[in-house]
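Grab a pen and work through these exercises one at a time. Try each task yourself before you read the solution below it.

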Amino acid sequence: MRQLHPDDVIWRNARLATLSPEQTAPYGIQDKMALITRGDKILALVPEADLPRTLPRQHDLQGRLVTPGLIDCHTHLVFGGDRAAEWEQRLNGVSYQTISAQGGGINATVTATRNSTSDALVELAQGRLARLMREGVTTLEIKSGYGLNDEAEEKMLRVAQQLAATQPVEISPTLLAAHAVPPEYKQDPDGYIDHICQHLLPTLWQKGLFEAVDLFCENVGFTPAQSERVLQAAKAQGIPVKGHVEQLSNLGGAALVSRYGGWSADHIEYLDEAGVTAMAQSGTVAVLLPGAFYFLQERQRPPVELLRQRGVPMAVATDYNPGTSPFASLHLAMNMACVQFGLTPEEAWAGVTRHAARALGRGATHGQLKAGYVADLAIWDAERPVEILYEPGRNPLYQRVFRGKVQ
């Protein structure tokens with residue numbers, strides 16, 4: 001065994017669910033193991049019996065389960081206001097068209113976000129983020145997309161930046177300016193796409209405020225032609241891309257995003273075989289968002305069996321947002337992915353660890369218990385990984401470790 005330093009930390013007497021595909025046991029389980037961290041990285045996994053007699057700092061986990069820290073790879077965590085009253089209206093029989101005509105829908109969130117101060121947005125987002133971290137989340141994505149103008153989009157991304165600087169969590173910021181047509185461009189959606197491509201995207205990229213570009217290619221969002229212009233603008237800057245696609249209809253958005261080497265194609269309820277083939281060829285991750293499926297009472301399920309057959313990695317995320325998935329619980333999303341979409345518990349776990357990491361461009365550093373990977377751990381008062389998603393509302397998290405430090 002490698003020589004240990006006095007500052008190394010040993011997490012001993014553990015049951016490790018490595019989530020490594022190199023392990024043959026379900027979940028990559030290894031029993032009676034110790035995990036050694038050096039600084040913010042995992043140094044080694046070793047059998048308990050091989051530990052030296054003289055040990056550096058250590059934590060005796062008394063047989064507890066250890067997994068990689070959870071990764072929520074699709075959230076809209078930063079926004080102003082809420083849409084609870086609108087949801088109540090819908091349940092009382094008011095149509096979405098009527099609600100939208102009254103200023104509701106996404107425009108209500110855009111107005112509230114534009115009118116909120118940065119401090120107010122930080123305070124709201126901190127509460128939502130705390131709920132995710134209490135469940136063992138150590139990495140998450142945060143999208144813009146409720147500003148839809150230069151000032152408000154930048155404000156949202158700077159809030160995400162502030163959260164990353166002040167909270168023990170890693171944040172992947174995403175520019176989603178192509179989320180909806182803002183009111184001022186209602187009669188000129190192509191003009192808004194022009195503005196995104198020529199000004200908003202390159203300006204905010206130069207300021208270092210995001211690491212990927214997202215878009216909503218849908219019949220209530222942007223056409224494939226408009227979406228491709230955004231993808232072309234991102235490619236010209238060398239920016240990774242992803243897409244909200246095939247949620248409500250099949251416009252070929254997943255194949256389009258795959259053609260540009262997209263990190264992920266998200267929602268994908270209406271994904272067809274051609275789209276699955278394109279994703280398999282490009283290595284694009286399928287991000288399943290069962291919270292929105294449930295909240296909108298959808299019936300079209302994503303083609304999980306076809307994704308399995310073609311070897312497309314499937315991630316699972318909360319899609320936390322005020323309009324269609326107000327659930328700051330990745331445990332609940334995992335449960336829903338199994339119950340509604342037919343994933344196995346092991347697939348759901350891969351979906352919030354190694355596949356979610358890949359959907360955020362972090363597949364070589366995050367989402368597995370493996371030497372050289374970041375020391376982000378979730379330690380559970382549980383014997384089996386299935387216990388974490390079996391009973392939503394019960395949280396067996398014992399400790400959350402971020403970059404080698406207990407939080």
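**Exercise 1.** How many aromatic pairs does the count come to? Then decide how the rings of Phe79 and Tyr320 are arranged.

*Solution.* Keep in mind that you're looking at a predicted model.
- Step 1: the count comes to ten aromatic pairs.
- Step 2: to describe a pair of aromatic rings, you use the distance of the centres and the angle of the planes.
- Step 3: for Phe79 and Tyr320, the centres are 6.0 Å apart and the planes make an angle of 25°. Planes under 30 degrees apart count as stacked, so Phe79 and Tyr320 are a stacked pair.
- Step 4: now find the two rings along the chain. Phe79 belongs to the loop between β6 (70-72) and α1 (84-91), while Tyr320 belongs to the loop between β13 (314-316) and α12 (330-341). The pair therefore ties together parts that are 241 residues apart in sequence.
- Step 5: check the surroundings, and you'll see that Phe79 and Tyr320 are both buried.

**Exercise 2.** Sort the pair Tyr294 and Phe327: what is the angle between the planes? Is Tyr294 buried or partly exposed, and is Phe327 buried or exposed?

*Solution.*
- Step 1: Tyr294 and Phe327 sit 5.8 Å apart, centre to centre, with 55° between the planes. That makes the pair tilted.
- Step 2: Tyr294 is in helix α10 (residues 290-295), and Phe327 is in the loop between β13 and α12. So this pair ties together parts that are 33 residues apart in sequence.
- Step 3: buried means under 20% relative accessible area. Phe327 comes in at 17%, so Phe327 counts as buried. Tyr294 has 45%, so Tyr294 is partly exposed.
- Step 4: look around this pair, and you'll find ring pairs linking Trp87, Tyr294, Phe295 and Phe327 into a cluster.

**Exercise 3.** Which sign does phi have in Lys32 and in Asp319? Find out where each residue sits.

*Solution.*
- Step 1: start with the background: most residues other than glycine have a negative phi.
- Step 2: Lys32 has a positive phi, near 50°. Asp319 has a positive phi too, near 55°.
- Step 3: Lys32 is part of strand β2 (residues 29-38). With 68% relative accessibility, over the 50% cut-off, Lys32 counts as exposed.
- Step 4: Asp319 is in the loop between β13 and α12. Its relative accessibility is 1%, so Asp319 is buried.

**Exercise 4.** What is Thr18 in contact with, once you leave aside its neighbours within four places in sequence? Do the same for Ala375.

*Solution.*
- Step 1: place Thr18 in the loop between β1 (9-17) and β2. Thr18 is buried, at 1% relative accessible area.
- Step 2: its contacts beyond those neighbours include Gln23, Tyr27, Leu45, Pro68 and Leu369.
- Step 3: place Ala375 in the loop between α14 (354-359) and β14 (377-380). Its relative accessibility is 0%, so Ala375 counts as buried.
- Step 4: the contacts of Ala375, again without neighbours within four places, include Thr37, Asp40, Ile42, Phe402 and Gly404.
- Step 5: try a long jump along the chain. Ala375 and Arg38 are 337 residues apart in sequence, but their C-alpha atoms are 8.4 Å apart in space.

**Exercise 5.** Where is Thr203, and what separates its C-alpha atom from that of Glu154?

*Solution.*
- Step 1: Thr203 is in helix α6 (residues 189-206).
- Step 2: with a relative accessible area of 25%, Thr203 is partly exposed.
- Step 3: Thr203 and Glu154 are 49 residues apart along the chain, and 9.6 Å separates their C-alpha atoms.

**Exercise 6.** Now zoom out: how many helices and strands does the protein have, and why can you call the protein as compact as a globular protein of its length?

*Solution.*
- Step 1: the secondary structure comes to 15 helices and 16 strands.
- Step 2: the radius of gyration is 21 Å, close to the 22 Å from the globule rule for 407 residues, so the protein is as compact as a globular protein of that length.
- Step 3: of the 407 residues, 56% count as buried.
- Step 4: take the contacts with a separation of 6 or more; 72% of them come from residues 24 or more positions apart.
- Step 5: finish with charges. There are 37 positive and 44 negative side chains, and the centres of the two sets are 5 Å apart.

Notes: Residues numbered from 1 in each chain as written. Predicted model: local features only at pLDDT ≥ 70, side-chain atom pairs only at ≥ 80, totals over all residues. Heavy atoms only, no water. Helix = DSSP H or I, 4+ residues; strand = E, 2+ residues; numbered from the N terminus. Rg over C-alpha atoms; globule rule 2.2 N^0.38 Å. Buried < 20%, exposed > 50% of the residue type's maximum accessible area, 1.4 Å probe, protein only. Contact = heavy atoms within 4.5 Å. Lys, Arg positive; Asp, Glu negative; His and termini not counted. Charge placed at Lys NZ, Arg CZ, Asp CG, Glu CD. Phe/Tyr/Trp six-rings, centres within 6.5 Å; stacked < 30°, edge-to-face > 60°.
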